[in-house]
Amino acid sequence: MPLIIFLMLTKFNALILGCIFLFVTLIVNPAFSEESELITGPQIARIIVPRAIVYSDENMNSPLGYISNDKLITVGNPRKKNPDLVPLVVYGRLAFIELKNIHYESELAEQLHSKRGAPQEHNIDDVLIKPEEKLSENNSAYFNLHQFYGGKETSDLFESVDGTAKDNFTGIGINFLHRQRFGRAIWGAGFDYNFLSSENIDFTYFLISPFFGYTPMRTKLFLVDFVFSIDFSANSQLNLNNNFVTEPAPFIYGPQLLARLVFLPDQNYHITGELGYRSYKVLRVENLQDANDASIGGVTKLSGVNIGIGLAIEL
């Protein structure tokens with residue numbers, strides 16, 4: 001009886017050891033199955049779509065560029081946070097590409113033994129391409145209501161003519177803006193109408209403002225733009241209703257610096273806030289003369305703080 005039990009235990013142990021060796025063979029020989037190869041550290045993969053976008057973050061908020069179809073790259077294992085992404089290295093930085101855009105190739109022997117999950121840097125200079133900027137895409141219209149402090153000369157003019165010191169112009173404007181998808185540069189043109197009036201004097205001007213800018217900060221909640229423009233008047237008028245001989249049409253030009261806060265930049269509609277400074281030169285209204293040949297000082301410059309709020313729409 002003990003002999004029978006011993007023989008049974010011997011055959012049972014052999015069966016167990018055989019299963020263990022089979023399992024160990026699958027682990028130490030990743031080339032044994034195609035599935036094991038797909039989960040072993042860095043992999044060579046081929047791009048299978050016309051343009052595979054490369055992102056700098058796992059939330060896919062900041063695209064860096066794209067890799068063209070049929071290019072070979074080295075990628076790591078799918079991410080735990082987002083299993084639809086795989087990492088790669090771009091210019092020494094960790095980046096990410098969507099798993100659906102690649103197809104795994106066979107690996108070299110030395111890559112099979114490299115550190116698991118660590119993507120190796122590829123010759124990304126040959127494959128990462130900045131997409132061309134299309135002027136028909138990534139455009140917005142910004143509408144704003146603002147106030148602009150005109151300065152002491154404006155205040156003195158209104159007090160001389162009408163006995164009331166006024167210096168804050170009210171304006172409405174619109175900006176058409178192109179924002180780079182893969183960069184931080186913005187450019188476009190703006191148009192605004194500004195007016196300041198009392199009982200006997202009206203000062204109005206219409207400005208054209210080509211501009212360019214930079215976006216140093218962007219999150220899902222807000223972004224910040226710094227904008228520089230050169231403004232000039234397309235039409236302006238100084239109307240005097242108190243026995244003045246002429247009603248001149250001033251010409252206005254000068255720079256504007258602006259900081260803009262845009263809320264919810266990833267949505268189709270945004271709320272904006274603006275704070276800036278304008279410094280304009282004013283021509284043709286340096287001196288004014290009434291019907292009795294009495295002269296009063298006019299306006300040679302408009303300079304001061306500009307503040308506004310608005311609404312933006314993606315076109």
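**View 1. Phe203 and its partner Phe169 sit inside this predicted model.** Let us begin with Phe203, whose relative accessible area is 1%, so this residue counts as buried. Phe169 is buried too, with a relative accessible area of 0%.

**View 2. Phe148 and Phe169 form a stacked aromatic pair.** Here the two ring centres are 6.2 Å apart, and the planes make an angle of 25 degrees. The partners come from distant parts of the chain: Phe148 belongs to strand 9 and Phe169 to strand 10, with their positions 21 residues apart. Both Phe148 and Phe169 are buried.

**View 3. Phe169 and Phe203 meet edge-to-face.** The planes of these two rings stand at 75 degrees, with centres 5.4 Å apart; planes over 60 degrees apart count as edge-to-face, so the pair of Phe169 and Phe203 gets that name. Because Phe169 lies in strand 10 and Phe203 in strand 12, their pair ties together parts that are 34 residues apart in sequence.

**View 4. Five rings join into one cluster.** Step back a little and you can follow ring pairs that link Phe148, Phe169 and Phe203 with Tyr205 and Tyr280. In total, the model has eight aromatic pairs.

**View 5. Two arginines place their charged ends over aromatic rings.** The charged end of Arg278 sits over Phe148, at 5.4 Å from the ring centre. Another arginine, Arg260, lies over the face of Tyr142, and here the distance to the ring centre is 4.8 Å.

**View 6. Strands 9 and 18 pair in the barrel.** Strand 9 covers residues 139-149 and strand 18 covers residues 301-314; the two run antiparallel and are joined over nine bridges. A good place to look is Phe148, which stands opposite Asn306 of strand 18. Strands of a sheet pair through backbone hydrogen bonds, in either a parallel or an antiparallel way.

**View 7. Eight strands make a closed barrel, and helix 4 packs on the sheet.** To trace the barrel, follow the strands in the order 9-10-11-12-13-14-15-18, with antiparallel pairing. On average, neighbouring strands of this sheet are turned by 25 degrees against each other, direction ignored. Helix 4, made of residues 152-162, touches strands 9, 10, 11, 12, 13 and 18. The direction of helix 4 makes about 160 degrees with that of strand 12, which spans residues 201-218.

How values were computed
Residues are numbered from 1 along each chain as its sequence is written. This is a predicted model: local features need pLDDT of at least 70, side-chain atom pairs count only at pLDDT 80 or more; totals for chains, interfaces and linings use all residues. Side-chain values use heavy atoms; hydrogens and water are left out. Two strands pair if DSSP finds at least two bridges between them. Helices (H or I, at least four residues) and strands (E, at least two) are DSSP runs, numbered from the N terminus. Axes are lines fitted to C-alpha atoms, for helices over the stretch in contact, and angles run from 0 to 180 degrees between N-to-C directions. Contact means heavy atoms within 4.5 Å. Rings of Phe, Tyr and Trp (its six-membered ring) pair if their centres lie within 6.5 Å; planes under 30 degrees apart count as stacked, over 60 as edge-to-face and the rest as tilted. Buried means under 20% relative accessible area, exposed over 50%, partly exposed in between (1.4 Å probe, protein chains only). A charge sits over a ring if NZ of Lys or CZ of Arg is within 6 Å of the ring centre and within 35 degrees of the ring normal.
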